[in-house]
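I sat down with this model today and jotted notes as I went. Here is what I looked up, entry by entry.

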Amino acid sequence: MTRVTDALDPETVERVRALVQSAARVIALTGAGVSAESGVPTFRGAGGLWNSVRAEDLATPEAFGRDPRLVWEWYGWRRALVLQCAPNAAHRALADASRRHPSCRVITQNVDGLHAAAGGPAPLELHGSLFRIRCTRCPDRRDDRDPIDASSYETLPHCERCGSLMRPDIVWFGEALDETVLSEACRLATAAQLCLVIGTSAVVYPAAGLAKLTLRGGGTVIEVNVDATPLTDIATFSLRGPAAEIVPRLLGETQSAT
Ligand code: BJW
Ligand code: ZN
């Protein structure tokens with residue numbers, strides 16, 4: 001039975017802190033909501049990116065094939081926006097926790113790089129990175145060129161080896177996740193005694209399925225979100241409120257640490 005509580009309920013906070021501290025292996029599965037308080041727009045819900053643009057027009061390989069300049073323009077705008085943003089208290093608390101406990105790992109769907117910017121061990125990035133590009137043809141050709149000039153087809157980045165167009169190193173709809181990253185994420189999720197699901201609508205697969213692997217492996221799921229999600233019902237606790245406020249309370253060394 002899920003216990004849904006207000007972010008500030010001290011009894012729940014204490015119970016979840018105790019669960020975190022007693023778990024030998026913890027994963028944090030994060031989504032766009034963890035970066036919302038840093039000023040990065042989410043995808044779904046009020047103010048979400050998919051309200052103003054269609055995912056099919058920008059975040060699929062077909063869209064890139066049709067109009068690479070349009071797609072690169074949008075990613076250029078996203079890069080510029082994220083470069084104005086800094087990690088928030090939730091990113092910092094997760095980075096601190098994984099520094100203190102190497103068996104605590106961050107698995108993120110985010111492409112904004114804010115977990116890495118907060119320091120600590122590198123997170124597993126399921127959906128790639130806004131700041132990497134890769135060749136549409138050579139499987140191993142990646143770099144971090146910036147900025148991207150999308151003013152014409154000719155100025156778009158091309159592969160130095162084969163001359164093909166370079167694309168964002170992001171997993172678009174209908175594309176497979178990197179096999180190594182996904183299998184490591186599945187391994188960590190299955191072995192985890194606790195899975196903290198933070199700021200994700202949990203509708204995109206296979207990422208959302210990771211929490212179910214923890215449950216199947218005998219572990220516990222705790223959710224932190226401003227709203228209910230399809231994972232709320234499998235969570236032991238669902239803490240309703242902003243990640244930057246709640247996560248430091250759950251993971252900080254003392255309860256007053258934020
Ligand atoms: C706060 C907060 C605050 C706000 N504090 N909380 C079944 C049916 C139909 C299709 C599928 C299906 N199963 C799988 C699929 C296909 C598809 C999929 O899942 N579709 C569903 C939408 C239905 N999946 C795929 O296509 C994946 N690939 C795949 O399945 O490959 C199969 C394959 C195998 C072998 C060969 C070939 C193929 C790939 C998925 C890639 C997703 N990519 C995106 C876009 C990248 C583009 C970009 O960034 O530019 O990644 S989609 C978008 O959604 C992005 C995110 O990482 C992802 C998840 O979103 P997230 O992070 O959850 O954000 P939001 O906005 O949805 O939610 C924010 C949450 O935060 C909300 O809950 C708020 O309440 C909360 N919040 N403020 C706490 N302050
Ligand atoms: Zn190439």
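A polar contact, as I use the term, is a pair of N or O atoms within 3.5 Å; within protein, one must be able to donate a hydrogen and the other to accept it, and residues adjacent in sequence count only if both atoms are side-chain atoms.

Ground rules first. This is a predicted model, where local features need pLDDT of at least 70 and side-chain atom pairs count only at pLDDT 80 or more, while totals for chains, interfaces and linings use all residues. Residues are numbered from 1 along each chain as its sequence is written, chains are lettered from A and ligands numbered from 1 in the order in which they are written, and side-chain values use heavy atoms, with hydrogens and water left out.

**Entry 1: ligand 1**

I began with polar contacts to the ligand. A polar backbone atom of Gln109 sits 3.0 Å from an oxygen atom of ligand 1. For Phe43, I found a polar backbone atom at 2.7 Å from a ligand oxygen. With Arg78 the partner is a polar side-chain atom, 2.6 Å from an oxygen atom of ligand 1. On its own the ligand has 1,500 Å² of accessible area, and the protein covers 72% of that (Shrake-Rupley method, 1.4 Å probe).

Next I listed the shell, meaning residues with a heavy atom within 4 Å of the ligand. There are 35 residues around ligand 1, and Arg44, Tyr75, Arg78, Thr200 and Ser201 come nearest. By type I get 19 nonpolar, 11 polar and 5 charged. My classes: Ala, Val, Leu, Ile, Met, Phe, Trp, Tyr, Cys and Pro are nonpolar, Asp, Glu, Lys and Arg are charged, and the others, Gly among them, are polar. Helix H5 gives the largest share of this shell, 3 residues.

Where does ligand 1 lie relative to domain 1 and domain 2? Domain 1 (1-39 + 87-127 + 177-258) and domain 2 (41-84 + 134-170) both contribute to the shell, so the ligand lies between them. The bounds come from an automatic or database domain assignment.

**Entry 2: cavities**

I then searched for closed spaces. A cavity here is a set of points on a 1 Å grid over the protein atoms alone where a 1.4 Å probe fits but cannot get out, and its lining residues have an atom within 4 Å of a point. I counted 2 cavities of 30 Å³ or more.

The largest holds about 50 Å³. Its lining is 5 nonpolar, 4 polar and no charged residues, with 4 residues from helix H6 (residues 89-100) as the largest share. Among the lining residues are His91, Ser98, His115 and Pro123.

The second largest holds about 30 Å³. Arg78 turns up again, lining this cavity along with Val40, Pro41, Leu49, Leu81, Val82 and Leu130. Helix H5 (residues 68-83) supplies the largest share, 3 residues.

**Entry 3: backbone oddities**

Two cis peptide bonds went into my notes. One joins Asp146 and Pro147, with omega about -5 degrees, and Pro147 is in the loop between strand S6 (142-143) and strand S7 (166-170). The other runs from Tyr205 to Pro206, omega near 5 degrees. Pro206 belongs to the loop between strand S8 (194-198) and helix H9 (209-216).

Ala202 is also in the loop between S8 and H9, and has a positive phi of about 55 degrees although it is not a glycine. Helices (H or I, at least four residues) and strands (E, at least two) are DSSP runs, numbered from the N terminus.

Technical notes
On a 1 Å grid over the protein atoms alone, a cavity is a set of points where a 1.4 Å probe fits but cannot get out, and a pocket is an open set with protein on both sides within 12 Å along at least five of seven lines; lining residues have an atom within 4 Å of a point. Grid points are joined across faces, edges and corners, and a volume is the space filled by probe spheres set on the points.
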